[in-house]
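Please look through the sequence and the structure below before reading on. The report that follows takes up a few strands, a ligand and some single residues in turn.

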Amino acid sequence: MDFSFSEKEELLRKSIAEFAKREIAPLVDKMEAEGGFAPELIPKLGEMGILGIITPPEYGGNGMGHVAKTIAVEEISKVCPGVGLTLEGHYVCTYLIQTFGSEDQKKKYLPRLTSGETLGSLAVTEPTGGSDVAGIQTMARREGDHYVITGRKCFISNSHVATIHATLARTGEGPKDFAVFIVENSFPGFSLGRKENKMGLRGATTGEIILDNCQVPIENLVGKEGDGVKQVLATINQAARPSMAAVAVGICYASLEEAARFARERVLYGKPISNLQAIQFLLADIYAQAEAARLLTYRAASLLDQGQPADIEATMAKYVACEAAFQCARWAADIHGGYSVIKEYPIERLFRDAWVTIPSSGTAQVAKVVLGRYAAKNF
Ligand SMILES: Cc1cc2nc3c(=O)[nH]c(=O)nc-3n(C[C@H](O)[C@H](O)[C@H](O)COP(=O)(O)OP(=O)(O)OC[C@H]3O[C@@H](n4cnc5c(N)ncnc54)[C@H](O)[C@@H]3O)c2cc1C
């Protein structure tokens with residue numbers, strides 16, 4: 001058991017942190033005001049190797065893996081958790097294609113997704129409910145050399161900034177009749193619906209995708225009919241939840257930094273409030289929660305890099321880290337007193353961002369259903 005990062009990983013952390021300060025920090029106010037991701041970052045994220053960090057080199061990535069991806073998402077989320085969510089939405093698309101796609105699909109789509117030409121999305125959720133994946137209504141029917149897909153996806157990360165969407169649809173009425181299709185914006189029948197005006201993680205674009213008799217070539221079916229739900233659940237466990245956990249860890253540490261800085265600078269009774277034990281106790285709670293969240297998150301990523309099962313660990317990391325992010329931001333806001341509600345103070349944004357991590361990639365209750373079932377059986 002070794003909890004230290006390698007020299008290469010430390011270097012990666014440093015270079016991503018510098019990149020985030022240089023390229024992302026200046027765009028945070030604009031993304032907050034506009035409520036969406038700044039697409040001018042796409043080529044820069046590609047050039048830095050961030051978009052292809054979990055994708056093998058033969059498909060245009062650098063194959064650094066899940067721990068490296070966690071480092072990248074954590075460091076970027078310290079500066080702008082919304083961009084962290086954008087990456088999560090992108091990685092679920094690349095992960096699904098590289099894990100379940102055909103050789104032709106990998107060669108066609110992954111180089112575009114990793115180079116900085118474009119972003120990807122995973123379109124599963126519909127107005128009928130995100131937790132009930134099998135409750136979706138989007139229907140794909142085969143017509144000659146095409147599938148014709150009709151339905152409406154909502155809450156999709158990168159909806160309006162991605163051009164390649166791994167999309168779950170029904171292929172029949174049976175319990176296993178689902179499949180994933182790679183849908184491009186340019187396909188006839190594809191359009192975009194509303195763009196959500198979210199309370200937090202505003203540096204990510206979230207919105208609707210509308211498929212109205214959308215013509216999708218049969219070669220864009222991923223795997224085979226009947227595999228869809230299995231592919232999506234594996235992607236949620238192995239890419240979505242670990243990435244959201246990393247976003248949350250970034251929020252925990254950003255909250256800790258903001259809280260500690262404010263406590264050192266705010267003088268009451270002639271001394272910095274960091275001298276007050278009540279404030280030190282709040283800092284202790286933030287620090288302990290942040291470390292616990294970080295350890296669980298890197299354990300899940302490390303298991304994935306070793307090719308070991310990590311569904312339970314990733315679900316636990318996502319659940320604990322997102323709850324920790326909300327707690328840490330709340331305690332950090334307490335330390336800021338009245339200044340916590342003023343927009344010039346980053347904690348105001350981090351507090352809103354933290355809440356939005358909780359339903360993203362599956363709610364806390366759904367995570368607890370998974371963990372509770374496992375615990376009831378195995379302990
Ligand atoms: C910022 C953001 C980004 C997102 N990005 C994407 C994306 O890229 N792609 C995508 O497909 N989706 C995305 N989603 C959707 C997200 O996955 C869903 O919001 C989430 O799964 C919950 O679905 P829902 O909102 O429809 O709530 P519902 O499923 O309607 O749940 C309502 C309530 O019921 C509870 N509940 C549901 N089932 C159970 C159960 N079995 N036991 C106990 N309680 C239960 C839930 O916990 C919740 O409290 C995103 C959501 C957000 C907020």
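Does Phe155 count as buried or exposed? The model is a predicted one, and in it Phe155 has a relative accessibility of 59%, so this residue counts as exposed. Phe155 lies in strand β3, and its phi is near 60°, a positive value in a residue other than glycine.

**The ligand and its surroundings**

Phe155 also leads to the ligand, since it is among the residues that come nearest, together with Thr125, Gly130, Ser131 and Thr363, out of the 19 residues around the ligand. The ligand sits in the largest pocket, and strand β3 (146-157) and helix α11 (364-378) each supply at least two residues of the shell around it. The table lists three short distances between polar atoms of the protein and atoms of the ligand.

| Residue and atom | Ligand atom | Distance |
|---|---|---|
| Gly130, polar backbone atom | oxygen | 2.7 Å |
| Ser131, polar side-chain atom | oxygen | 2.6 Å |
| Ser157, side-chain N or O atom | nitrogen | 2.8 Å |

On its own the ligand has 970 Å² of accessible area, and the protein covers 66% of it.

**Strands β1, β4, β5 and β8**

In a regular strand the side chains alternate between the two faces of the sheet. In strand β1 (residues 120-123), Gly120 and Leu122 belong to one side while Ser121 and Ala123 belong to the other, and as these residues are all buried, both faces of the strand are covered. Strand β1 pairs with strand β4 (residues 164-170) in the parallel sense over 4 bridges, and within this pairing Gly120 stands opposite Ile164 of β4.

Strand β4 also has a partner in β5, for the two strands run antiparallel and are joined by 7 bridges, with Ala169 standing opposite Ala179 in β5. How many of the 7 residues of strand β5 (residues 178-184) are buried? The strand is mostly covered, with 7 of its 7 residues buried. Phe178, Val180, Ile182 and Glu184 point one way from β5, whereas Ala179, Phe181 and Val183 point the other way, and buried residues are therefore found in both directions. Strand β5 pairs in turn with strand β8 (residues 221-222), in the antiparallel sense and over 2 bridges, and here the bridge partner of Phe181 is Leu221 of β8.

**Single residues elsewhere in the chain**

Some residues outside these strands are also worth finding in the structure. Ile16 lies in helix α1 (residues 7-24), and because its relative accessibility is 1%, Ile16 counts as buried. Ile16 and Val73 are 57 residues apart along the chain, and their C-alpha atoms are separated by 9.0 Å.

Thr138 has its place in the loop between β1 and β2 (139-143). Which side chain makes a polar contact with the side chain of Thr138? The partner is the side chain of Glu126, at 2.6 Å. Thr138 has a relative accessible area of 0%, and so this residue is buried.

Ser361 is found in the loop between α10 (346-357) and α11, and although Ser361 is not a glycine, it has a positive phi of about 60°. Why does Ser361 count as buried? Buried means under 20% relative accessible area, and Ser361 counts as buried because its relative accessibility is 19%.

Key. Residues are numbered from 1 along each chain as its sequence is written. This is a predicted model: local features need pLDDT of at least 70, side-chain atom pairs count only at pLDDT 80 or more; totals for chains, interfaces and linings use all residues. Side-chain values use heavy atoms; hydrogens and water are left out. Buried means under 20% relative accessible area, exposed over 50%, partly exposed in between (1.4 Å probe, protein chains only). Two strands pair if DSSP finds at least two bridges between them. A residue is near a molecule or strand if one of its heavy atoms lies within 4 Å of it. A polar contact is a pair of N or O atoms within 3.5 Å; within protein, one must be able to donate a hydrogen and the other to accept it, and residues adjacent in sequence count only if both atoms are side-chain atoms. Accessible areas come from the Shrake-Rupley method with a 1.4 Å probe; for residues, only the protein chains shown count as cover. On a 1 Å grid over the protein atoms alone, a cavity is a set of points where a 1.4 Å probe fits but cannot get out, and a pocket is an open set with protein on both sides within 12 Å along at least five of seven lines; lining residues have an atom within 4 Å of a point. A molecule sits in a cavity or pocket if more than half of its atoms lie within 2 Å of its grid points.
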